[in-house]
Amino acid sequence: MAPSRACPYAGRLDFSHEAPLLKNVYDPATLEPRWQRHWEDQGLFRAKNPGETGFDPRQPKFYVLDMFPYPSGAGLHVGHPIGYIGSDIVARRKRMEGCNVLHPMGYDAFGLPAEQYAIQTGQHPAETTRQNIATYRRQLKALGLSFDWSRELSTSEPAYYRWTQWIFARLFDLGLAYQSDKPVWWCEELKTVLANEEVISGRSERGGHPCVKRPLKQWMLRITAYAERLLADLDELDWPEHVKAMQREWIGRSEGAEVDFAVEGAKETLTVFTTRPDTLYGATFLVLSPEHPLVAKLTTAETRAQVEAYVRAAGAKSDLERTDLAKEKSGVFLGSYALNPAFESGEKGARIPIWIADYVLAQYGTGAIMAVPGQDERDWEFAERFALSIVRTVQPPKGFDGKAYTGDGPAIASPRWEGQRVAEAKASAIAWLETAKHGRAKVTYKLRDWLFSRQRYWGEPFPVLHHADGRTTRVPDELLPVELPAMKDFTPSADGSPPLARAKAWLETKDPVSGKSVRRDTDTMPGWAGSCWYYLRFMDPANERAPFAPEVQAYWGSVDLYVGGVEHAVLHLLYARFWHKVLYDLKLVTTKEPFQRLFNQGLLTAFAYKDARGALVPVDQVEERDGAHVKKTSGEKVEPIIAKMSKSLKNVVNPDDVIAEFGVDTFRVYEMFMGPLGESKPWNPRDVGGSRRFLDRLWRLLVDEEGGAVRADLLQERGGTPSGETLTLERALNKTLKRIDDSFTGFNFNTAIAAMMEFVNEGTRARAALTRSQAERFLCALAPFAPHLCEELWSRLGHGDSITRAAWPVADPAYLVDDEVELVVQVNGKLRAKIRVPKDADKAQLEALGRAAVSEQLAGKSVKKVVVVPGRLVNFVGE
RNA sequence: GGGGAAGUGGCGAAACCGGUAGACGCAUCGGACUUAAAAUUCGAAGGCCGCAAGGCCGUGGGGGUUCGAGUCCCCCCUUCCCCA
């Protein structure tokens, strides 16, 4: 809020003795909670499932879903609900269009922050989560969002995670869940492992703590088995192109070949992956990653000390540091040689040295590359640095003076495919490798298997049992859920063993099949697990026999519109798609993809302030004086910056405060009026009042503030075709309805609200001409945006049923055209006059009318050309 | 380094297919109402020159295509996002 200003409505709501006593002012503080109670009592937003009473199979279904929130301790700020409001508008409109709308909300409640908080405060995460959810629920309900609250769920409840474990059991049975002890990212600060995608530049994505690679036994999910389908099926989705592009990049498909290199004086072969098999003749050395299993074996006595030191140093670096292009290349010669299969042994170029270098990563391809400096920039740099030979095998274009040439061109120095261009040469090289048995065509993906365990308490326990003989079996479905044991201390042990390892009574158990002693798994699932399928549980949230009934899923299909932040473009959306495809293969769901249409709302930013020393000043301590921002107390000048709302920037605005001052409908209208939903824009407390004034004006247009519930003349409908001012209003209304409709395509509701403001202004100007029917159609169109106010006015107009059940108003094309249109008259492309012309005037008439209007400017000039665009302009082009 | 999105008044923004740039709103200024203020209401307002009529300039910068470019093409600058 603009802290320097008192509430601008204080005057209106202050019934002091001198103010005229208005019984009927717009008072959102009383009417909004009343309508919210009404909606809840009537169960107006309950979606009907097949088989329920009142379910109508002829009604089209529409599933509109928000990405559910992680209930943090701070509660909602005004940036969170912007997407919820947008999706709510769609949901409410779809209901008015006669759809059976599924619009649920829940909580992604497992996760690290609650546990970190628990460790600090000693409060159980179940307890803090319960409290946080209560806050979220209260705030969400205050926003008047039309959720079907009977479907509310939380991923940390046993009734929910029972089925998360059940789905894990399916993955386990399919061999898609397995244990591995490859090196994984370990975060010392968080005392847990993290997935590759949760570590950015060697630091944890959450909290920015340093991470190191460590070998640990971990659960992995074989998402790579679905790489091809996760890639291919993107094509059919109605998603923003850049999100699809990010997923494609993340999956990182590359086509190429594996090539086997014999090692001189050893029986092992080294297999490398290359996307450029056509450059085989130019492979002048091999480079292994320092972690490659054959490094020790291929190291000679003379080089051993140096190699071992290098391997140690490389282990401490992050992938980003290792592959940074700007970085000086480093590496060590192992002392051994490989034989390039393109050459006969003894031929020049056949014997090539084997190096290790940290720019080659163990996880990608085979962890080894053939270096082709002539056609690869990094290899060129490496060759230059260590004086290794460089052979061009693709002819660069004339005048090329660079180093490595990576473009297209004819093959040279490559007898088997001499002269062929890159694409053709690749095919020839692969064909030759396969017949000569030196290699094979190969597709690799950058996508890695998903590291699926965390050494934490607050997550889903794995429904598995470890046997003394080393076998791992899963807990039978009928014994799920495996509930978290009650614990008081969640601190990870100093040795890194998880908290669950200390829950002895829980840990040691009997195998229900054999009766023998077994141990449970002490890891838990990562925070992503619950969100992988929550959209399915919403379809049938109370089902105790299955995660969801097949006929219910068959009815709701997939999510028609999924709204959320772009920060989930890769991880959540990829993981959920993976699980969905597994369920599809098991014939548990009928659709290939979970989310048909995706929309990303833009980031809501806010002003934050810095003083002269650069220290942050909380927003509520700043005011505007004479166009400058100053500190309230001292008058000291502060500099405004625009940034994401966050506690640390001290620029968080709480929706509770905005609602208390202006009402929810104003809040909803303002958030949508700020700009297109997809774009990021700053919250400006100064602007909120404008949205409130719009609703006030509407109220006064319809309500008799000094007496009746509505203006008396609106109680009865006037018949007949509109004429005069009423006709003008009818046209204005239909244009408004059209613009509102158009705004739903791109979620630029700001234009819809602008149109509605114009109509209210127009209506205020011609108050007496406004008919009941016009008022009603307008209210129906505004209802999804400002539902409480519209319900109130709708009921005051005498309707017993909720406006939610009213029909969505459609523009009548007959009223979208005017009798006269404004025409612009230009001379040489410059605006010289505006004239009003009949809408059906032909080109010749338009030219004549235009010529008359600019006769003065045309005097003495010769007109060479006349451009006439009916409905737009006439342009006279002279010399 | 590669890819993507964006850049329009003091501010948030609008402009369908190339056809009146700045709708709508905020802030600002002025009139009415009021003892006064608030609220309300009517009106002004991109910049420059001019008493005015009017003129010139103007959508990050530079070029181009066109009768006509915020919109299309080329080059450049800045910001944000993703990848390396």
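How far does a polar side-chain atom of Arg693 lie from a phosphate oxygen of RNA strand B? In this predicted model, the separation between the polar side-chain atom of Arg693 and the phosphate oxygen of RNA strand B is 2.9 Å. A second arginine, Arg697, has an N or O atom of its side chain 3.0 Å from a phosphate oxygen of RNA strand B. The side chain of Asp687 also approaches the strand, with an N or O atom 2.5 Å from a sugar or linking oxygen of RNA strand B.

The overall dimensions of the protein are as follows. Chain A consists of 879 residues, of which 52% are buried. The chain contains 27 helices and 35 strands. Along the principal axes, the C-alpha atoms of chain A fill a box of roughly 100 × 90 × 65 Å.

The surroundings of RNA strand B comprise 39 residues, and the closest of these are Met674, Asp687, Lys834, Arg872 and Asn875. Where the RNA comes within 4 Å of the protein, 69% of its atoms belong to sugar or phosphate, and the rest belong to bases. On the protein side, the surface near RNA strand B has 17 charged, 14 nonpolar and eight polar residues. Helices and strands both contribute to this surface. The helices that supply at least two residues each are α8 (241-251), α21 (688-702) and α23 (749-765). The strands that do so are β32 (820-827), β33 (830-838), β34 (863-869) and β35 (873-878). The largest share comes from α23, with six residues.

Open and enclosed spaces were also examined. The second largest pocket holds about 690 Å³ of space. Its lining is made up of 24 residues, and those closest to the centre of the pocket are Thr275, Tyr364, Ile369, Asp376 and Arg378. Two strands and a helix, namely β13 (269-274), β17 (368-371) and α12 (377-386), each give at least two residues to the lining of the second largest pocket. Sorted by class, this lining has 10 polar, nine nonpolar and five charged residues.

Two cavities of 30 Å³ or more are present in the structure. The largest cavity contains about 40 Å³ of space. Arg92, Met96, Ala783, Pro787, Ile803 and Thr804 line the largest cavity. Four of these lining residues are nonpolar, one is polar and one is charged.

The pairing of several strands was then considered. In general, the strands of a sheet pair through backbone hydrogen bonds, in either a parallel or an antiparallel arrangement. One open sheet is formed by three strands in the order β5-β11-β19, with antiparallel pairing. Its edge strands, β5 (177-180) and β19 (450-451), each pair on one side only. Strand β11, residues 218-221, is joined to β19 by two bridges in the antiparallel sense. Within this pair, Leu221 stands opposite Trp450 of β19.

Strand β23, residues 517-520, takes part in two further antiparallel pairings. With strand β20, residues 464-466, β23 pairs over two bridges in the antiparallel sense. His466 has Arg519 of β23 as its bridge partner. With strand β22, residues 508-510, the antiparallel pairing of β23 has three bridges. Here Lys510 stands opposite Ser517 of β23. Strands β22 and β23 form a hairpin in which six residues lie between them. In the turn of this hairpin, Gly515 has a positive phi of about 80°. The two faces of β23 differ in cover: Val518 and Arg520 are on the covered face, whereas Ser517 and Arg519 are on the uncovered one.

A loop position is described last. Pro476 is located in the loop between β21 (472-474) and α14 (504-507). Because its relative accessible area is 17%, which is under the 20% limit, Pro476 counts as buried. Pro476 and Pro410 are 66 residues apart along the chain, and their C-alpha atoms are separated by 62 Å.

Technical notes:
Residues numbered from 1 in each chain as written. Chains lettered and ligands numbered in written order. Predicted model: local features only at pLDDT ≥ 70, side-chain atom pairs only at ≥ 80, totals over all residues. Heavy atoms only, no water. 1 Å grid on protein atoms, 1.4 Å probe; cavity = no way out; pocket = protein on both sides within 12 Å on 5 of 7 lines; lining within 4 Å. Points joined across faces, edges and corners; volume = space filled by probe spheres on them. Helix = DSSP H or I, 4+ residues; strand = E, 2+ residues; numbered from the N terminus. Nonpolar A, V, L, I, M, F, W, Y, C, P; charged D, E, K, R; others polar. Near = heavy atom within 4 Å. Polar contact = N/O pair within 3.5 Å; in protein donor to acceptor, adjacent residues only side chain to side chain. Buried < 20%, exposed > 50% of the residue type's maximum accessible area, 1.4 Å probe, protein only. Pairing = 2+ DSSP bridges.
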